[in-house]
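Visitor: Could you take me through one part of this protein slowly, as if we were turning it on the screen together? I would like a close look at a single pocket and at what surrounds it.

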Amino acid sequence: MTRPEDAPLLVRIPNWLGDLVLSLPVLESAAEGPAIFVGPEPFRDVLEPRFPSVRYLAASRAARWAPLPAIRAMGPRMALLLTESLSSAVLAWLAGVPERIGYATEGRGILLTRRVRRAGPPRSTARAAEYRELAAAAGIVPRTEIPTLKPMPGESVKARAALERAGLKGAPYLLLAPGASYGPAKQWEPKRFALAGAGIARRTGSAIVVVGGAEDREAAASAAREARSAGARAIDLAGSTGLAELMGIVAGADGVISNDSGVMHLAAAFRRPTVGVFGSTSPVWTSTSAPWVSNLYAAYPCSPCYRRTCPIGYGCLRSIGPEEASQALERLLS
């Protein structure tokens, strides 16, 4: 019979790729003991190779309760909820997890046995620090504050294959990520991405690789087209790579320019020179603070508004010129 102290820790991981990356220091420490990670199916490819001893259970908006039988069977002693949704607390409660730790959001406080108090108003503290606060309540002390990734061999192999299929074999490249699934209020204009990267690419003899999800194809195609018009060699891989390939491609880039998106966080975790462009969101909350990261943020009076769309013209994004991004990346590359 499993003793209570030997029972696993259940961690409900974040649903967004960027947030997942920011939570990595907590996940690394949690994985030192018996643990269960519950989260989106695509993140299995990120976490299972890095934490082979951890059981990964997939959950989605359409299948919120799918992990319930497996959780009950494994009998975790505690649930650490890095998500703030009501459904994640309901899942832990229905599974009979005796301790349930998280922020009392979405009216779920009654389902938590330990409600963690925020250090300040919502979105005023760095997201990574919020995850550390939650971890501390569960007795977990991360070894580092800065999320760090190293490419797995399979990711590098898949990345090389994807680049070779696109006609880019062994050449250095800059990475552009002009998409943002959250909405256009986080999306810098594709032409500005292209102009920011093209000059550096021409000077260094690098190619430009544009990445993104299927929903980013239009923006990526535009950025690649504009980069070619500006005299750079550019390939567009948006919508054609899986997450493992994407990670290998990000890890191999000489430099990265990205919106506030998952790619930005991956690049920072892989310690690539990274320029992040912020519009409706705030670098105070969601950026990585590191010497190899530069955040561009106009700090308009109405920003950060965290809106998906802007009713007054996206001035916070349009006030950031391509020369600012290219100069910021040049400084990081030097």
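Guide: Happy to. Let's begin with helix α7, because α7 supplies the largest share of the lining of the second largest pocket, 5 residues. Keep in mind that this is a predicted model. The pocket has a volume of about 190 Å³, and 14 residues line it. Nearest its centre lie Ser-156, Ala-159, Arg-160, Leu-163 and Tyr-173. Two elements give two or more residues to this lining: α7, which spans 153-165, and α10, which spans 243-251. Sorted by class, the lining has 7 nonpolar, 4 polar and 3 charged residues.

Those two helices are also joined by a salt bridge. The side chains of Glu-245 and Arg-165 meet at 3.2 Å, N to O. Glu-245 belongs to α10 and Arg-165 to α7, so this pair ties together parts that are 80 residues apart in sequence. The two partners differ in their surroundings: Glu-245 is buried, with a relative accessible area of 15%, whereas Arg-165 is exposed at 61%.

Now to the sheet, by way of Tyr-173. This residue is among those nearest the pocket centre, and strand β7 covers 173-177. The sheet is open and has 6 strands in the order β9-β8-β7-β10-β11-β12, with parallel pairing. At its edges stand β9 (234-236) and β12 (293-297), each with a single partner strand, so one side of each is left without a neighbour in the sheet. On average, neighbouring strands are turned by 15 degrees against each other, direction ignored.

Moving along that order, β7 pairs with β8 (residues 207-210) in the parallel sense over 4 bridges, and Leu-175 stands opposite Val-209 in β8. Further on, β10 and β11 run parallel and are joined by 4 bridges, with Asn-259 opposite Val-277 in β11.

Strand β11 (residues 274-278) deserves a pause. In a regular strand the side chains alternate between the two faces of the sheet. Here Thr-274, Gly-276 and Phe-278 point one way, while Val-275 and Val-277 point the other way, and all are buried. With 5 of its 5 residues buried, β11 is largely enclosed by the rest of the structure.

Just past β10 there is another salt bridge to look at. Asp-260 pairs with Lys-186, their closest N and O atoms being 3.8 Å apart. Asp-260 sits in the loop between β10 (255-259) and α11 (262-269), and Lys-186 in the loop between β7 and α8 (190-204), so the pair ties together parts that are 74 residues apart in sequence. Buried means under 20% relative accessible area, and by that cut-off Asp-260 counts as buried at 4%. Lys-186 is buried too, with a relative accessible area of 12%.

To set these contacts in context, the structure holds 15 salt bridges. Another of them joins the side chains of Arg-44 and Glu-48, at 3.0 Å from N to O. Both count as partly exposed, Arg-44 at 21% relative accessibility and Glu-48 at 33%. There is also a network of salt bridges that links Glu-84, Arg-118, Arg-127 and Glu-130.

If you turn back to the pocket now, you can follow the route again: α7 and α10 in the lining, the Glu-245 and Arg-165 salt bridge, and then the parallel sheet.

Methods
Residues numbered from 1 in each chain as written. Predicted model: local features only at pLDDT ≥ 70, side-chain atom pairs only at ≥ 80, totals over all residues. Heavy atoms only, no water. 1 Å grid on protein atoms, 1.4 Å probe; cavity = no way out; pocket = protein on both sides within 12 Å on 5 of 7 lines; lining within 4 Å. Points joined across faces, edges and corners; volume = space filled by probe spheres on them. Nonpolar A, V, L, I, M, F, W, Y, C, P; charged D, E, K, R; others polar. Salt bridge = Lys/Arg side-chain N within 4 Å of Asp/Glu carboxyl O. Buried < 20%, exposed > 50% of the residue type's maximum accessible area, 1.4 Å probe, protein only. Pairing = 2+ DSSP bridges. Axes fitted to C-alpha atoms, helices over the stretch in contact; angles between N-to-C directions.
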